[in-house]
Amino acid sequence: MKILIVEDDSRAAHYLTKGLTESGHQCDVAEDGETGLHMAISGQYDVLIVDRMLPKLDGLALVAAYRATGRNTPVMILSALGEVDDRIHGLRAGGDDYLVKPYAFGELLARLNALTRRSQPTASAELLTVADLEIDRSKHRVTRAGQRILLQPREFRLLEYLMRHADQVVTRTMLLEQVWDYHFDPQTNVIEVHISRLRRKIDRDFNSPLLHTIRGAGYRLGVLPEE
C-alpha cells in the first residue's frame with residue numbers, strides 16, 4: 001500500500017513509518033493538517049492515517065475537507081481521545097476507522113489491511129477497460145483496439161490486477177501478495193519476467209504503451225500524461 005501519514009509528533013511518525021515500511025508499504029509523511037490535506041488531494045494513496053490533533057488544520061477538519069472533494073480513500077484517525085462521543089465525531093467527519101492511542105502496531109496494521117480490503121473494487125465487474133485495452137472476465141478474453149491478445153493464466157491474472165488498479169503505482173510486494181499469494185521468494189525475478197512478457201503482448205504492436213515501469217516504485221498501467 002501507499003500510505004500518507006499526517007502526524008506532527010516526529011517520534012510517532014517515525015515509529016509508524018518504520019513499522020509500515022518494514023511491512024512492505026510505502027509511506028509519505030506530513031507534519032501539519034494543511035500540508036496533509038494538500039498531499040492527500042494531490043497524491044494517490046491507498047489509505048490515509050490522520051492524527052486528530054494537528055497544527056494549522058486539525059485532523060477532523062482535514063478529513064471533512066478531503067471528503068468534500070468527493071474522494072473515498074479509506075481514512076484511519078489516530079487520537080488520544082477515546083470516549084464514545086470522540087469516536088462518533090471522528091467517524092461522522094469522514095473517518096473509516098478510529099484507533100485510540102496508545103495502540104499496538106499489530107492492531108493498526110490489521111485494521112489498515114481490513115480497510116483496504118473493503119475498498120477494493122468488487123470482483124463482480126466482468127468487463128474492465130483501460131484506454132483501448134479490454135478484459136472480459138466472463139469469456140477470459142483480452143483485446144486491444146479490437147485485436148485479440150492471448151495470455152497465459154498467470155499473465156491474465158496479473159493484467160486483471162493491474163487493470164483494477166489502473167493509473168496507480170503497484171509495488172512488487174502488492175503483486176506477490178495479490179497475484180502470487182507469496183508462493184515465491186520476494187527476491188525472485190518472477191514478477192519482472194511476467195511483466196516483460198505481458199508488456200510484449202499488450203504494447204509491442206501498438207503505438208501507445210500502457211504498461212510502465214516506475215523506477216524504484218513498481219508498475220503502472222495506463223496512459224501517462226504528456227509532460
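Colleague: In what order do the four strands of the antiparallel open sheet come?
Modeller: Keep in mind that we're looking at a predicted model. The edge strands are E6 (127-130) and E9 (147-149), each pairing on one side only. The pairing in this four-stranded sheet is antiparallel, and the order reads E6-E7-E8-E9.

Colleague: By how much are neighbouring strands of that sheet turned against each other on average?
Modeller: This is the open sheet with the order E6-E7-E8-E9. Ignoring direction, its neighbouring strands are turned against each other by an average of 25°.

Colleague: Let's zoom in on E8 and E9. Which residue of E9 stands opposite Val-142?
Modeller: E8 and E9 pair in the antiparallel sense, over three bridges. E8 covers residues 141-144, while E9 covers 147-149. Within that pairing, Val-142 has as its opposite number Ile-149.

Colleague: Just before E8, His-140 has a positive phi. About how big is it?
Modeller: His-140 sits in the loop between strand E7 (133-136) and E8. Its relative accessible area is 42%, so His-140 is partly exposed. Most residues other than glycine have a negative phi, and most peptide bonds are trans. His-140 is not a glycine, yet its phi is positive, at about 50°.

Colleague: There's another residue like that, Lys-56. Is Lys-56 buried or exposed?
Modeller: Lys-56 has a positive phi of about 75° although it isn't a glycine. You'll find Lys-56 in the loop between E3 and helix H3 (59-68). With a relative accessible area of 63%, which is over the 50% cut-off, Lys-56 is exposed.

Colleague: Now the parallel sheet. Which strands are at its edges?
Modeller: Five strands make up this open sheet, with parallel pairing in the order E2-E1-E3-E4-E5. Neighbouring strands here are turned by 20° against each other on average, direction ignored. The strands that each pair on one side only are E2 and E5.

Colleague: How many bridges join E1 to E2?
Modeller: Strand E1 spans residues 2-6, strand E2 spans residues 26-30, and the two run parallel. Ile-3, for instance, stands opposite Cys-27 in E2. The number of bridges joining E1 to E2 is five.

Colleague: And which helix does the chain cross through on its way from E1 to E2?
Modeller: The two strands run parallel, with E1 at residues 2-6 and E2 at residues 26-30. The connection is a right-handed β-α-β crossover, and the helix is H1.

Colleague: What about E3 and E4: which residue stands opposite Val-50?
Modeller: E3 (residues 47-51) and E4 (residues 75-79) pair in the parallel sense over four bridges. Opposite Val-50, in E4, stands Ile-77.

Colleague: Why is the aromatic pair of Tyr-15 and Phe-105 edge-to-face?
Modeller: Searching the whole structure turns up one aromatic pair. The centres of the Tyr-15 and Phe-105 rings lie 6.1 Å apart. The planes meet at 80°, and because angles over 60 degrees count that way, the pair is edge-to-face.

Colleague: How many residues apart are Tyr-15 and Phe-105 along the chain?
Modeller: Tyr-15 is partly exposed at 42% relative accessibility, whereas Phe-105 is buried at 17%. The pair links distant parts of the chain, since Tyr-15 belongs to helix H1 and Phe-105 to helix H5, with a separation in residues of 90.

Colleague: Right before H5 there's a proline. What kind of peptide bond runs from Lys-101 to Pro-102?
Modeller: Pro-102 lies in the loop between E5 and H5. The omega from Lys-101 to Pro-102 is near -10°, and the bond is cis.

Colleague: Over which ring does the charged end of Lys-2 sit?
Modeller: The charged end of Lys-2 is 5.2 Å from the centre of the ring in question. That falls within the 6 Å cut-off for a charge over a ring. The ring belongs to Tyr-45.

Colleague: What distance separates the C-alpha atoms of Asp-205 and Arg-144?
Modeller: Asp-205 is in the loop between helix H8 (190-203) and strand E10 (211-214), and at 54% relative accessibility Asp-205 counts as exposed. Asp-205 and Arg-144 are 61 residues apart along the chain, and their C-alpha atoms are separated by 9.8 Å.

Colleague: Last one: which element has the lowest mean pLDDT?
Modeller: The chain averages a pLDDT of 86, and 92% of the residues score at least 70. Among the elements, strand E8 has the highest mean, 94, and the lowest, 80, belongs to helix H5.

Notes
Residues numbered from 1 in each chain as written. Predicted model: local features only at pLDDT ≥ 70, side-chain atom pairs only at ≥ 80, totals over all residues. Heavy atoms only, no water. Pairing = 2+ DSSP bridges. Right-handed = clockwise from strand over helix to strand, strands pointing away. pLDDT = per-residue confidence, 0-100. Phe/Tyr/Trp six-rings, centres within 6.5 Å; stacked < 30°, edge-to-face > 60°. Buried < 20%, exposed > 50% of the residue type's maximum accessible area, 1.4 Å probe, protein only. Lys NZ or Arg CZ within 6 Å of the ring centre and 35° of its normal. Axes fitted to C-alpha atoms, helices over the stretch in contact; angles between N-to-C directions.
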